[in-house]
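Here is a short tour of a protein model, written for someone who would rather look at side chains than at statistics. Have the structure open and follow along.

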Amino acid sequence: MYLDHHIYMNILEKWVKKQSKPQPFIPVSVSTKTADYEELGFKLLVKPACINIYVMPYAGCQICLAGMKMLHRLGISESHLIPVKLKMSAANKSAINILGATIIRFCGKRPNGRIVEKRQIVNATDATDNVSISREACIQMGIISENFPMVGETDHTFNIQADDSDHNIERNATIVAQVADCGCPKRDISPPKMEMIPINSLDPNYVDKLKEWLLEYYKASAFNTCTHQTLPKMHGPPLRMMIYPSATHVAYHTPLPIPLHRLEQVKAALDQMYD
């Protein structure tokens, strides 16, 4: 008997067999600039270049690491690398061969369309073809907060005081998780269809529990009424209108009657649609 991967779903109060999530990769553009080298007293030995790649955010890594395959696309070979004394080991304590370093700008796009560009020293290795960005780079790119790791950080938004001993100052660090730039909960695609409702239909509070479960399960999709975020694209074939080819198209301008006690609610919804 073997144990497959399972996750415990609190909303169902049971273990569910599910594949583990794949390694996360994000799209960025990477580039080399002569000025970045000169600022540190070095010379860029190749023509500045820019390419689009996918990188893996690795919050447990202390340095940015890149395989030579990506650096070759930038025109950088091993002879162009800056010598380093750095020694690095993997999680299993095995040594990682560091060939040298280069200076790279990472450029990504926020959900609101704003561009984020950060500069990092990237160490080259022949141990992988992937590009991993460090915890420090993840913080600068806004992928994680400066307080990572913190238990419960993604539960809500709150303020804490952070002490920066290097500059002897205090600043407010606001942790925002699962919240869009507009301040509303982040909109997400609909979760997978449930094969069965995890509530006993004989429960005397069945209706209330079912309502609570539905609101919780679809809170980021169907019940997210934020008007600032773009609706996710729907999947599946386009809707077909079953109309006789010879039918005459007639415009219908008669409004539907609205119950008087719903008038203000409907008016508010219409105004929201056209804002």
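## Starting at Glu-39

Let's begin with Glu-39, which counts as exposed because its relative accessibility is 63%, over the 50% cut-off. Keep in mind that this is a predicted model.

Glu-39 has a partner: its side chain meets that of Arg-119 in a salt bridge, with N to O at 3.7 Å. That pair ties together distant parts of the chain, since Glu-39 is in helix 1 and Arg-119 is in strand 9, 80 residues apart. Arg-119 itself has a relative accessibility of 45%, so it counts as partly exposed.

## Following the charges inward

Arg-119 also forms a salt bridge with Asp-36, and here the closest N and O atoms are 3.0 Å apart. Once more the link runs between distant parts of the chain: Asp-36 belongs to helix 1 and Arg-119 to strand 9 (residues 115-125), with their positions 83 residues apart. Is Asp-36 buried or exposed? Asp-36 counts as buried, because its relative accessibility is 4%.

Asp-36 has a second arginine to talk to. Its side chain and that of Arg-105 meet in a salt bridge at 2.7 Å, N to O. This pair also connects distant parts of the chain, from Asp-36 in helix 1 (residues 34-39) to Arg-105 in strand 8 (residues 98-109), 69 residues apart. Both Asp-36 and Arg-105 are buried.

Step back and these pairs turn out to belong to a network of salt bridges that links Asp-36, Glu-39, Arg-105, Glu-117 and Arg-119. As general background, side chains of opposite charge can pair when their charged atoms come close. A search of the whole structure finds eight salt bridges.

## Thr-102 and its company

Strand 8 is also home to Thr-102. With a relative accessibility of 1%, Thr-102 counts as buried. Its side chain makes a polar contact with the side chain of Tyr-37, at 2.4 Å.

Which residues does Thr-102 touch, leaving aside its neighbours within four places in sequence? The contacts are Thr-32, Tyr-37, Leu-71, Ile-76, Leu-81, Gln-120, Ile-121 and Val-122.

## A greasy spot on the surface

Ile-121, one of the contacts of Thr-102, turns up again on the outside. Together with Leu-40 and Phe-42, Ile-121 makes a nonpolar surface patch of about 280 Å². Phe-42 sits in the loop between helix 1 and strand 4 (50-57). At 39% relative accessibility, Phe-42 counts as partly exposed.

## Cysteines without bonds

How many disulfides does the structure hold? The count is zero. Take Cys-64: the closest cysteine sulfur belongs to Cys-61 and is 7.4 Å away, so the two are too far apart for a bond. Cys-64 is buried, with a relative accessible area of 1%.

Cys-138 is in no disulfide either, as its nearest cysteine sulfur is that of Cys-64, 7.9 Å away. Cys-138 also counts as buried, at 1% relative accessibility.

## The loop with a cis proline

Next stop is the loop between helix 3 and strand 11, where you will find Pro-149. The peptide bond leading from Phe-148 into Pro-149 is cis, with omega near -5 degrees.

Glu-146 is in the loop between helix 3 (135-140) and strand 11 (158-164) too. Glu-146 counts as partly exposed because its relative accessibility is 48%. From C-alpha to C-alpha, Glu-146 and Arg-135 are 9.2 Å apart in space, and they are 11 residues apart in sequence.

## The chain as a whole

Zooming out, the chain has five helices and 12 strands. It is 275 residues in length, and buried residues make up 27% of them. Of the contacts between residues at least 6 apart in sequence, 54% join residues at least 24 apart.

As for the surface, the chain exposes about 21,600 Å², and carbon and sulfur atoms supply 55% of that area.

Note on methods
Residues are numbered from 1 along each chain as its sequence is written. This is a predicted model: local features need pLDDT of at least 70, side-chain atom pairs count only at pLDDT 80 or more; totals for chains, interfaces and linings use all residues. Side-chain values use heavy atoms; hydrogens and water are left out. A salt bridge is a side-chain nitrogen of Lys or Arg within 4 Å of a carboxyl oxygen of Asp or Glu. Helices (H or I, at least four residues) and strands (E, at least two) are DSSP runs, numbered from the N terminus. Buried means under 20% relative accessible area, exposed over 50%, partly exposed in between (1.4 Å probe, protein chains only). Patches are made of residues with over 30% relative accessible area and no salt bridge: like charges are joined within 9 Å, nonpolar side chains (Val, Leu, Ile, Met, Phe, Trp, Tyr) within 5 Å. Accessible areas come from the Shrake-Rupley method with a 1.4 Å probe; for residues, only the protein chains shown count as cover. A polar contact is a pair of N or O atoms within 3.5 Å; within protein, one must be able to donate a hydrogen and the other to accept it, and residues adjacent in sequence count only if both atoms are side-chain atoms. Contact means heavy atoms within 4.5 Å. A disulfide is a pair of cysteine sulfur atoms within 2.5 Å.
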